[in-house]
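Reader: I should like to learn how the features of a structural model are read. Could we work through one case together?

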Amino acid sequence: MSLSKEATSKLFSVKYINCKRRYGMWKKILISSGLLACLSCPQFTSDAYTVLMHQTDVNMNLTYPLVYLYNEAAQTKVNTEIAIYVDKMRDLYYKEKMYTVNLNYETTYEDDDYISLIITSGWYNGQSAHGYYTSQGLVFDKHTGNLIPATNYVHLKDDEQLYKLVMEGMLPVFSSREHQLQCNEFQILDKKIPIRNNNYVLLGEGKIAMLYQPYEISYYANGVTRIVFTPEKIEYINRLNS
């Protein structure tokens with residue numbers, strides 16, 4: 001099913017805050033009729049839940065979350081940000097006539113205060129050897145709906161320091177297949193790794209990971225790579241730069 005941009009925006013409207021109440025009613029009805037398994041259940045936490053959404057066409061497949069929060073203003077901020085990526089891929093398909101387009105997401109971490117998502121967008125023009133894709137990390141404050149930068153956790157001095165920490169083995173780097181990269185797998189010419197304060201995710205247990213697109217710091221086959229910061233490494237880096 002293909003939706004217009006106006007319909008997409010409506011899906012993210014705060015008017016849908018009553019969905020949770022309706023879901024509870026539907027659940028009671030379906031339990032009594034034995035059909036509960038036919039309903040795709042939202043994922044609940046103490047103060048939020050997400051509903052899986054789909055938009056499809058012949059060569060387009062978009063899967064993304066609709067996030068519900070008790071704070072309606074925060075909910076609007078979160079879903080408006082997610083809608084940017086949905087609309088971008090729709091435009092790539094319908095306006096720029098890209099051959100195939102897809103979008104999916106992963107929830108990497110969630111607690112009462114934060115929700116961390118990866119939005120992955122892919123496309124293929126039908127002519128090159130392979131398509132291309134990018135991943136964007138989004139960490140939201142569930143009380144305000146604001147995006148939280150990585151500086152909320154780790155304070156790196158500059159791109160040169162990040163390069164040095166990676167090349168000396170202080171910070172591990174993983175491929176999209178969770179393979180830890182070795183020194184000969186990096187493709188970094190200027191001895192700098194850009195600090196991704198606005199493209200990172202929470203991993204749980206105090207860990208965070210900055211995301212790098214294919215070709216940014218390694219070759220395409222390694223996909224979107226992650227520089228992982230454990231709590232111990234974060235404490236050391238913050239103390240080093242204090």
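Author: The following turns take up the overall make-up, the cores, a helix, a buried lysine, the aromatic pairs and the backbone. The model is a predicted one.

Reader: How many helices and strands does the chain have, and what share of its residues is buried?

Author: The chain contains 5 helices and 10 strands. Of its 242 residues, 43% are buried. About 12,800 Å² is exposed by the chain, and carbon and sulfur atoms supply 54% of that area. Among contacts with a separation of 6 or more, 59% are between residues 24 or more positions apart.

Reader: How should a nonpolar core be read, and which residues have the most contacts inside the largest one?

Author: In soluble globular proteins, nonpolar side chains tend to be buried together. Here the largest nonpolar core has 27 residues, and Leu62, Tyr64, Val101 and Leu103 have the most contacts inside it. The elements giving two or more residues to this core are β2 (48-57), β3 (60-69), α3 (72-94), β4 (100-110), β5 (114-124) and β6. Helix α3 gives the most, with 8 residues.

Reader: With which residues is Leu103 in contact, leaving aside its neighbours within four places in sequence?

Author: Leu103 is in contact with Asn61, Leu62, Thr63 and Tyr64, with Tyr85, Val86 and Met89, and with Ile119, Thr120 and Ser121. Apart from the largest core lies another core, of 25 residues, which includes Ile148, Val154, Leu171 and Leu181.

Reader: Let us turn to a single helix. Which residues of α4 are buried, and what covers them?

Author: The buried residues of α4 are Gln161, Leu162, Tyr163, Leu165 and Val166. Their cover includes β7 (173-174), β9, β10 and α5 (231-240). The two ends of the helix can be described as well. At the start of α4, a side-chain oxygen of Asp158 comes to within 3.3 Å of the backbone nitrogen of Glu160. Just after α4, Gly169 has a positive phi of about 90°.

Reader: Is Lys142 buried or exposed, and which side chain does it join in a polar contact?

Author: Lys142 is found in the loop between β6 and α4 (159-167). With a relative accessible area of 3%, Lys142 is buried, because buried means under 20%. Its side chain and that of Glu110 are joined by a polar contact of 3.0 Å. In addition, a polar atom of the Lys142 side chain lies 2.6 Å from the backbone oxygen of Asp111.

Reader: How is a pair of aromatic rings described, and how many aromatic pairs does a search of the whole structure find?

Author: A pair of aromatic rings is described by the distance of the centres and the angle of the planes. A search of the whole structure finds 9 aromatic pairs. One of them is formed by Tyr132 and Tyr220, which are tilted, at 6.5 Å centre to centre and with 35° between the planes. Tyr132 lies in strand β6 (residues 132-141) and Tyr220 in the loop between β9 (207-212) and β10 (225-229), so this pair ties together parts that are 88 residues apart in sequence. Tyr215 and Tyr220 form a tilted pair too, with 5.6 Å between the centres and 35° between the planes.

Reader: Which residues form one aromatic cluster, and how accessible are Tyr132 and Tyr215?

Author: One aromatic cluster is formed by Trp123, Tyr132, Tyr133, Tyr215 and Tyr220. Tyr132 counts as partly exposed, at 25% relative accessibility. Tyr215 also counts as partly exposed, at 46% relative accessibility.

Reader: What should one look for in the backbone phi angles, and where does Glu205 lie?

Author: Most residues other than glycine have a negative phi, and most peptide bonds are trans. Glu205 is not a glycine, yet it has a positive phi of about 60°. Its place is in the loop between β8 (200-204) and β9, and at 71% relative accessibility Glu205 counts as exposed. Tyr215 has a positive phi of about 80°, although it is not a glycine. Tyr215 lies in the loop between β9 and β10.

Reader: Finally, is Leu189 buried or exposed, and in which loop is it found?

Author: Leu189 is found in the loop between β7 and β8. Exposed means over 50% relative accessible area, so Leu189, with 87%, is exposed. The C-alpha atoms of Leu189 and Ile217 are separated by 9.1 Å, and the two residues are 28 residues apart along the chain.

Key:
Residues numbered from 1 in each chain as written. Predicted model: local features only at pLDDT ≥ 70, side-chain atom pairs only at ≥ 80, totals over all residues. Heavy atoms only, no water. Phe/Tyr/Trp six-rings, centres within 6.5 Å; stacked < 30°, edge-to-face > 60°. Helix = DSSP H or I, 4+ residues; strand = E, 2+ residues; numbered from the N terminus. Buried < 20%, exposed > 50% of the residue type's maximum accessible area, 1.4 Å probe, protein only. Contact = heavy atoms within 4.5 Å. Areas by Shrake-Rupley, 256 points an atom, 1.4 Å probe, with all protein chains shown as cover. Core = buried A, V, L, I, M, F, W, Y, C linked by side-chain atoms within 4.5 Å. Polar contact = N/O pair within 3.5 Å; in protein donor to acceptor, adjacent residues only side chain to side chain.
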